[in-house]
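Visitor: I'd like a walk through this one, with the reasoning behind each label spelled out. Could you show it to me before we start?

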Amino acid sequence: MVLPVVKGILQVGGWAGLCDTNVINDQAGWHSYSPDTGLVFKELTSRTMARRTDWIDEQLDELERHGRLRHLQTRESPPVAGRVQLNGQSLINFGSNDYLGLAADERLVDAVKHYSGQLGWGSGASGLVSGRGTLHRRLEQELADFYRTEAALLFPTGFAANVGVVTSLVGRGDTVFSDQLNHASMIDGCRLSGATICVYRHNDMDHLSDLLESSPASGRRLIVTDALFSMDGDLALLKPIAQLADQHQAMFVVDEAHATGVLGADGRGASQQANIESDVDLRVGTLSKAFGSMGGYVAGSRQLIQWIYNRSRSYMFSTAQPEAISAASLVALEVIRSEPERRNRLLERAGQLRQKLQGIGLDVGNSSAQIIPIVLGDNQLAVSASQQLRDRGLFVPAIRPPAVPNRLARLRISLSSEHTEEHLDQLCESLSMLKQPG
Ligand SMILES: Cc1ncc(COP(=O)(O)O)c(C=O)c1O
């Protein structure tokens with residue numbers, strides 16, 4: 001059997017080059033060969049190759065033994081009215097970051113249809129080369145206006161934005177101070193930057209102050225924190241952090257991923273709520289949560305934004321998002337501005353749910369917005385609780401390490417403005433009936 005031509009790297013002896021290759025199967029197994037040279041050059045599925053990856057089976061078994069093995073599931077419905085169809089099951093959805101119910105909003109969908117019809121789909125290159133279009137520019141301008149900053153820059157994802165921002169601002173010889181519970185993208189940005197990383201205990205201002213005090217006077221300093229912590233639902237102590245940043249001449253970056261559109265009188269996030277916007281150098285955000293869309297961004301001074309697009313490898317070397325996606329985000333931004341009732345309803349529901357949960361004896365930690373954890377500790381316990389809820393028609397994901405520290409596995413309830421009081425009652429009733437795994 002001969003499969004279609006594929007592009008591949010052909011390596012014969014010491015020579016390597018890009019060429020068209022066919023993939024063939026004869027009695028000896030799978031091989032690829034070059035129609036140009038007629039050379040058969042590699043067995044694709046040899047026993048040696050299988051042996052080379054045997055360690056993965058062992059590692060997967062290990063993950064399973066510790067209750068840390070994940071399985072991909074397929075969502076078969078749009079996320080509408082707080083519900084979702086997962087692996088054939090219709091469930092009330094407490095596992096989405098579509099906080100304002102915009103992911104399936106017709107206005108966003110229509111914008112995507114309209115602009116992809118006009119402009120096509122792919123953007124074809126990095127924003128720095130030729131991928132940045134007029135809608136990208138408009139969204140950047142609107143985001144800058146929204147945050148009352150001079151400029152903003154779009155990234156393909158929020159993850160890329162965090163990595164790009166941190167690695168642009170600090171490097172070898174510098175120091176970055178990072179809250180222990182910051183998001184993985186912030187952590188990876190710190191690691192990639194090559195700067196000395198000082199992780200301070202979660203929201204522990206004395207610890208942060210000590211670390212700043214004892215850090216070398218030479219080199220740049222940067223403090224990075226999530227605004228609303230993604231797995232605990234509590235808020236960063238932005239005011240004291242801003243004061244420490246000022247006192248120690250440290251740059252200050254806040255990741256507003258879960259807070260934009262939700263917190264602050266105008267939805268500008270936790271920095272607006274804490275009244276420290278002018279103390280923050282850069283606000284990072286994502287378009288994938290309250291915006292119901294896809295992509296990341298950073299907002300700040302013109303100088304900082306220019307520096308970032310000149311230095312950030314996750315900006316430079318990654319293709320810009322399709323412009324039609326920016327069109328959807330422009331609509332979402334307008335909704336965030338003009339329909340405050342969505343975030344008000346969401347926060348009201350979150351308050352109601354916290355009260356109900358506490359009423360049935362559950363500890364919701366320091367959650368103070370739309371993310372509510374129920375820490376169970378053991379991985380298997382969290383998985384079993386999530387499965388029992390699922391059997392009752394509710395999707396509440398079990399969150400395990402590495403998303404949370406060891407022995408702090410939990411159910412993570414994530415609310416949307418589209419949840420009804422009946423949804424909350426059903427959740428509380430089911431939670432009160434959870435059984436320990438037997
Ligand atoms: C705090 C935080 N920052 C950044 C991101 C990354 O955003 P995105 O999903 O757009 O890559 C996430 C996503 O889960 C997040 O929770």
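Guide: One definition up front: two strands pair if DSSP finds at least two bridges between them. Helices (H or I, at least four residues) and strands (E, at least two) are DSSP runs, numbered from the N terminus. This is a predicted model, where local features need pLDDT of at least 70 and side-chain atom pairs count only at pLDDT 80 or more, while totals for chains, interfaces and linings use all residues. Residues are numbered from 1 along each chain as its sequence is written.

Visitor: What makes S8 and S9 a pair?

Guide: Five bridges join strand S8 (residues 175–179) to strand S9 (residues 196–200), and pairing asks for at least two. The two strands run parallel. Thr-175, for one, has Thr-196 in S9 as its bridge partner.

Visitor: What is the hand of the β-α-β crossover from S8 to S9, and what does that hand stand for?

Guide: The chain leaves S8, passes through helix H7 (residues 184–193) and arrives at S9, and this β-α-β crossover is right-handed. That word applies if, with the strands pointing away from the viewer, the path from the first strand over the helix to the second runs clockwise.

Visitor: Which sheet do those strands belong to, and what makes a strand an edge strand there?

Guide: Seven strands form an open sheet with mixed pairing, in the order S7-S13-S12-S11-S10-S8-S9. S7 and S9 are the edge strands, since each pairs on one side only. Neighbouring strands are turned by 20° against each other on average, direction ignored. H7 packs on this sheet and touches S8, S9, strand S10 (221–226) and strand S11 (251–255). Touching means contact: C-beta atoms, placed from the backbone, within 7 Å. The direction of H7 makes about 160° with that of S8; axes are lines fitted to C-alpha atoms, for helices over the stretch in contact, and angles run from 0 to 180 degrees between N-to-C directions.

Visitor: Which other sheet is there to look at?

Guide: Three strands form an open sheet in the order S5-S6-S15, again with mixed pairing. Strand S5 (83–86) and strand S15 (394–395) are its edges, each pairing on one side only. Strand S6 (residues 89–93) and S15 pair in the parallel sense over two bridges, and the definition asks for at least two. Ile-92 has Leu-394 in S15 as its bridge partner.

Visitor: How do you know that the length of H5 agrees with what a helix should span?

Guide: The expected span is 1.5 Å times one less than the number of residues. For the 14 residues of helix H5 (residues 134–147) that gives 20 Å, and the end C-alpha atoms are 20 Å apart, so the two agree.

Visitor: Which residues of H5 are buried, and what covers them?

Guide: Buried means 20 or more other C-beta atoms within 10 Å of a residue's own, exposed means 12 or fewer, and partly exposed is in between, with C-beta atoms placed from the backbone. In H5 the buried ones are Leu-135, His-136, Leu-139, Glu-140, Leu-143, Ala-144 and Tyr-147. Their cover includes helix H3 (106–119), strand S7 (151–155) and helix H13 (323–338).

Visitor: Why is Arg-148 called exposed?

Guide: Arg-148 has 12 other C-beta atoms within 10 Å, so it counts as exposed; the cut-off is 12 or fewer. Arg-148 lies in the loop between H5 and S7. Its phi is near 60°, a positive value in a residue other than glycine.

Visitor: Why does Asn-275 count as exposed?

Guide: Asn-275 has 12 C-beta neighbours inside 10 Å, so exposed is the right word. Asn-275 sits in the loop between helix H10 (270–273) and S12, and its phi is also positive, near 60°.

Visitor: What makes Glu-334 exposed?

Guide: Glu-334 has 12 other C-beta atoms within 10 Å, so it is exposed too. Glu-334 lies in helix H13.

Visitor: How do H3 and H13 meet?

Guide: Their axes come within 8 Å and cross at roughly 145°. Residues making the contact include Leu-108, Ala-111 and Tyr-115 of H3, and Ala-324, Ala-328 and Val-331 of H13.

Visitor: Where is the cis peptide bond?

Guide: The bond from Pro-401 to Pro-402 is cis, with omega near 10°. Pro-402 is in the loop between strand S16 (398–399) and strand S17 (409–414).

Note on methods:
Two residues are in contact if their C-beta atoms, placed from the backbone, lie within 7 Å.
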